[in-house]
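Visitor: I have just opened this entry and would like to be walked through it. May I begin with a single residue and work outwards?

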Amino acid sequence: MPDILTLLLGTFALYILLYGGCWSIDKTDIEKYNRKIKLNKYTNILFFLWSRNEKVYWLVYVLIISESIVFILLWISYITNVEYIFKILFRMYIYICLIGGFILVIKVLKKRVKDFISGKK
């Protein structure tokens with residue numbers, strides 16, 4: 001298991017990076033006609049720091065909720081010193097961040113290339 005400083009810096013950096021990416025992509029690059037999810041007040045308070053009255057893109061919703069849950073479980077397993085569960089959750093956390101970020105980047109690039117070809121700004 002890594003020391004606490006490495007885990008603290010790594011997990012919070014990934015959390016903030018993916019959270020910021022989800023926020024900016026949902027604000028600027030997701031079209032209104034894409035499938036979106038309406039947040040209830042508890043989900044909005046617990047997982048989404050930016051104020052939302054409108055709906056959130058479904059992939060952003062899934063990424064933020066899954067990353068938040070694995071983040072909490074990862075720290076619980078670290079504090080309780082359960083090494084086997086910690087290794088599984090650590091890999092899962094890394095995979096969620098990498099795959100989620102990759103999918104969002106591909107989605108944005110696809111939209112921007114389509115806009116470039118069609119001549120939109």
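Visitor: Is F71 buried or exposed?

Guide: The model is a predicted one. In it, F71 has a relative accessible area of 12%. Buried means under 20%, so F71 counts as buried.

Visitor: What does the ring of F71 pair with?

Guide: The structure holds seven aromatic pairs. In one of them, the ring centres of F12 and F71 are 5.1 Å apart. The planes of these two rings stand at 75°, so the pair is edge-to-face.

Visitor: Where do F12 and F71 sit in the chain?

Guide: F12 belongs to helix α1, while F71 belongs to helix α3, which covers residues 58–79. The two are 59 residues apart, and their pair links distant parts of the chain.

Visitor: And F12, what is its relative accessible area?

Guide: The value for F12 is 37%, so F12 is partly exposed.

Visitor: Which residues form an aromatic cluster with these two?

Guide: Y15, Y19 and Y93 join F12 and F71 in one aromatic cluster. Y15 and Y19 are also among the buried residues of α1.

Visitor: What about F86 and F90, how are their rings arranged?

Guide: Their ring centres are 5.8 Å apart and their planes are at 20°, so this pair is stacked. Both residues lie in helix α4, four residues apart, which is about one turn of the helix.

Visitor: Why would a spacing of four places matter in a helix?

Guide: An α-helix has 3.6 residues a turn, so residues three or four places apart point the same way.

Visitor: How do F86 and F90 compare in relative accessibility?

Guide: F86 is at 3% and counts as buried. F90 is at 33% and counts as partly exposed.

Visitor: Let us step back. How many helices and strands does the chain have?

Guide: The chain has four helices and two strands. Along the sequence they follow the pattern α-β-α-β-α-α. The chain has 121 residues, of which 36% count as buried.

Visitor: What is the reach of helix α1?

Guide: Helix α1 runs over residues 4–28, which makes 25 residues. From its first C-alpha to its last it reaches 36 Å, close to the 36 Å expected at 1.5 Å a residue. Its buried residues include L7, T11, L18, C22, I25 and D26.

Visitor: What is L18 close to in space, if one looks far along the sequence?

Guide: One residue to consider is L63, at 8.5 Å from L18, C-alpha to C-alpha, although the two are 45 residues apart in sequence. L63 is in helix α3, and its relative accessible area of 7% makes it buried.

Visitor: Now pockets. What is the volume of the second largest one?

Guide: The second largest pocket has a volume of about 160 Å³. Its lining includes L14, L17, L18, C22 and I25, together with C97, L98, L104 and V105. The elements that give two or more residues to this lining are α1 and α4 (83–118). The largest share, six residues, comes from α1.

Visitor: What classes of residue are found in that lining?

Guide: Nine are nonpolar, two are polar and none is charged.

Visitor: Where is confidence lowest, and where is it highest?

Guide: The lowest is in helix α2, residues 41–47, with a mean pLDDT of 69, and the highest is in α4, at 87. The chain averages 81, and 85% of the residues score at least 70. Where pLDDT is low, the predicted coordinates should not be read in detail.

Key. Residues numbered from 1 in each chain as written. Predicted model: local features only at pLDDT ≥ 70, side-chain atom pairs only at ≥ 80, totals over all residues. Heavy atoms only, no water. Expected span 1.5 Å × (residues − 1). Buried < 20%, exposed > 50% of the residue type's maximum accessible area, 1.4 Å probe, protein only. 1 Å grid on protein atoms, 1.4 Å probe; cavity = no way out; pocket = protein on both sides within 12 Å on 5 of 7 lines; lining within 4 Å. Points joined across faces, edges and corners; volume = space filled by probe spheres on them. Nonpolar A, V, L, I, M, F, W, Y, C, P; charged D, E, K, R; others polar. pLDDT = per-residue confidence, 0-100. Phe/Tyr/Trp six-rings, centres within 6.5 Å; stacked < 30°, edge-to-face > 60°.
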